[in-house]
Amino acid sequence: MQIVVAGLDFLQIEVRRIARLPVRCCASKSALENILTHSSASCVTYKLVCVSVEQELLLVHQPDQPEKPRVLRVAIIGSPNAGKSTLSNQLLGRKIFPVSSKVHTTRCQAQGVITEGEIQIVLLDTPGLTTAAKGKRHNLEKSLLVDPWDSVKEANLVLVLVDVSDHWNRYNLSLEVLKCLSQNSHVPAVLVLNKVDLLKSKGLLLDLTIELTEGMVNGKKLKIKGNQHLKHKQGWPHFREVFMLSAVDGDEVETLKHYLLSQAQPGPWDYHSTVLTDQSPQQLCINLIREKLLEILPQEVPYSITQSTEMWEEGPSGELRILQNLTVVKKNHAKMLIGTGGQVIGKVAREAGQDLMNIFLCDVHLKLCVKVKK
C-alpha cells in the first residue's frame with residue numbers, strides 16, 4: 001500500500017547540487033573512480049549508468065600491484081556506538097560508512113581501503129560487539145553477532161575502541177571484547193580512547209589507560225605515580241600501543257593513520273588502488289538513507305523500515321536518478337516517516353541526497369516512496 005496525499009507530491013523529493021565539487025579532470029576516467037577515490041582539478045560530467053558493473057570489475061580483477069606491495073588488514077571493534085564508523089570515515093578522508101547516535105547503525109562488516117604509495121590499509125568496519133542473549137532478545141540479524149568475530153580472524157591488527165565519555169562503561173572492556181581478544185590473542189591489538197573532546201578533565205585519561213591496560217603496554221609496566229592502582233581488573237594487558245583521539249573532530253586521527261601505515265607488512269594488495277570501499281553504490285545509498293532514518297525517527301521505528309531500490313539510472317543531463325522504496329510495518333509509522341506536510345521525509349531526502357552528491361560528485365535526484373507492508 002502506497003501512502004498518497006492529494007495535492008502533495010512530497011513522496012518524491014528532488015535534490016540538486018548547486019555547486020559541483022571538484023573532480024579529477026580526465027575524460028578517460030570511469031564513473032567508479034569518481035565515486036570511490038579522492039580527486040581534484042576542474043569539473044567534468046561522468047556517466048553513472050554502468051557504475052555497478054564497473055565496480056564489480058574492479059573488485060574481482062587483480063589489483064594493480066606495485067613493485068614492493070605492503071598491506072595491513074585492520075579490524076575495528078568495540079561496544080555499540082563507540083565511534084567505529086566515524087573513525088573509519090576519518091581515516092578514509094571520505095564519508096563511506098553510516099553514522100548515527102543510535103546503536104547498531106552498522107549492520108554488517110564493510111571494508112574501507114586506504115592506498116598510499118606501495119601501502120594498502122584495509123579497514124574492517126564492524127557492528128558493535130554484543131552478546132548472543134541480547135541478539136536473541138532484540139531479534140538482531142546474525143551479521144550483528146558474527147561479523148566482528150570474523151573480522152578479527154581476518155585481521156593483522158585489531159583496534160579496540162573505547163568511548164571515554166561513557167561514564168558507566170569506560171573503566172573496563174566489555175566481556176565480549178575481552179572474549180574476542182582472548183580467543184585471538186595472536187593478533188596484535190591497539191587501544192584507542194575515543195571522544196576525548198568530551199572529557200572535562202584530560203587527567204582522567206591516565207586513569208582510564210591504567211585500568212584498560214591493567215598497567216601494561218607493549219610488555220612494559222606503566223609508570224604509575226601517587227596512589228593510582230588497578231580497581232577492576234577487566235582490561236587487556238597485551239595492547240601494543242594506546243592512542244587518544246576524537247574521531248568526530250579528527251584530532252590525532254592522522255597520528256593513528258601514520259602508525260597503521262608503519263605496521264604494514266610485505267604482501268599483495270587486496271584491491272585495485274582506486275577502490276575506496278567494497279560496498280556497491282546502491283549499498284552506499286541504502287546505508288546513508290538508513291543513517292538519516294535512525295537520526296530523525298524515534299525509538300524502534302527506523303529499525304523496522306525495509307529499503308529497496310526501484311530505480312537507479314542516468315538522467316538526460318548526466319545526473320544520477322534514484323528511486324528508493326521505504327516499507328514500514330504500521331500505518332502510524334508511515335505517518336511519522338512522512339511528517340506534517342512531508343517535512344520528515346523531505347528532510348531525509350535532502351540530507352541523504354547531499355551526502356550522496358558528496359560521494360558520487362555529480363547531481364543526484366533522489367526520490368523516496370513510503371509504503372505500508374501488506
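This tour moves through the structure stop by stop, naming what to select and what is found there.

**Before starting**

The model is predicted: local features need pLDDT of at least 70, side-chain atom pairs count only at pLDDT 80 or more, and totals for chains, interfaces and linings use all residues. Residues are numbered from 1 along each chain as its sequence is written, and side-chain values use heavy atoms, with hydrogens and water left out.

**The whole chain**

Display the full chain, which has 11 helices and 12 strands. Helices (H or I, at least four residues) and strands (E, at least two) are DSSP runs, numbered from the N terminus. Of the 374 residues, 52% are buried; buried means under 20% relative accessible area, exposed over 50%, and partly exposed in between (1.4 Å probe, protein chains only). Among contacts (heavy atoms within 4.5 Å) between residues at least 6 apart in sequence, 69% join residues at least 24 apart. Show the surface next: the chain exposes about 17,800 Å², and carbon and sulfur atoms supply 52% of it. Accessible areas come from the Shrake-Rupley method with a 1.4 Å probe; for residues, only the protein chains shown count as cover.

**First stop: helix α3**

Select residues 84-92, which form helix α3; 8 of its 9 residues are buried. These are K84, S85, T86, L87, S88, N89, L91 and L92. Add the elements against which the buried residues of α3 pack: β1 (70-78), β2 (110-116), β3 (119-125), β4 (157-163) and α8. Then select G93, which follows α3 and has a positive phi, near 75°.

**Second stop: two loops**

Most residues other than glycine have a negative phi, and most peptide bonds are trans. Select E214, in the loop between α7 (204-213) and β6 (216-217). E214 is not a glycine, yet has a positive phi of about 55°. Proceed to N218, in the loop between β6 and β7 (220-221). N218 also is not a glycine and has a positive phi of about 55°. With a relative accessible area of 44%, N218 is partly exposed.

**Third stop: an aromatic pair**

The structure holds 1 aromatic pair. Select F243 and Y259, whose rings are tilted, 5.1 Å centre to centre with 55° between the planes. F243 belongs to strand β8 (residues 239-244) and Y259 to helix α8 (residues 253-263), so the pair links distant parts of the chain, 16 residues apart. Rings of Phe, Tyr and Trp (its six-membered ring) pair if their centres lie within 6.5 Å; planes under 30 degrees apart count as stacked, over 60 as edge-to-face and the rest as tilted. F243 and Y259 are both buried.

**Fourth stop: helices α10 and α11**

Select α10 (residues 331-338) and α11 (residues 343-360), whose axes come within 4 Å and cross at roughly 60°. This crossing makes α10 oblique to α11. Axes are lines fitted to C-alpha atoms, for helices over the stretch in contact, and angles run from 0 to 180 degrees between N-to-C directions. Angles under 35 degrees count as roughly parallel, over 145 as roughly antiparallel, 65 to 115 as roughly perpendicular and the rest as oblique. Show side chains where M336, L337 and I338 in α10 meet Q343, V344 and I345 in α11. The contact of α10 with α11 comprises 5 nonpolar residues, 1 polar and no charged. Ala, Val, Leu, Ile, Met, Phe, Trp, Tyr, Cys and Pro count as nonpolar, Asp, Glu, Lys and Arg as charged, and the others, Gly among them, as polar.

**Last stop: L366**

Select L366 in strand β12 (residues 364-372). L366 counts as buried because its relative accessibility is 0%. Add L356: L366 and L356 are 10 residues apart in sequence and 9.1 Å apart in space, C-alpha to C-alpha.
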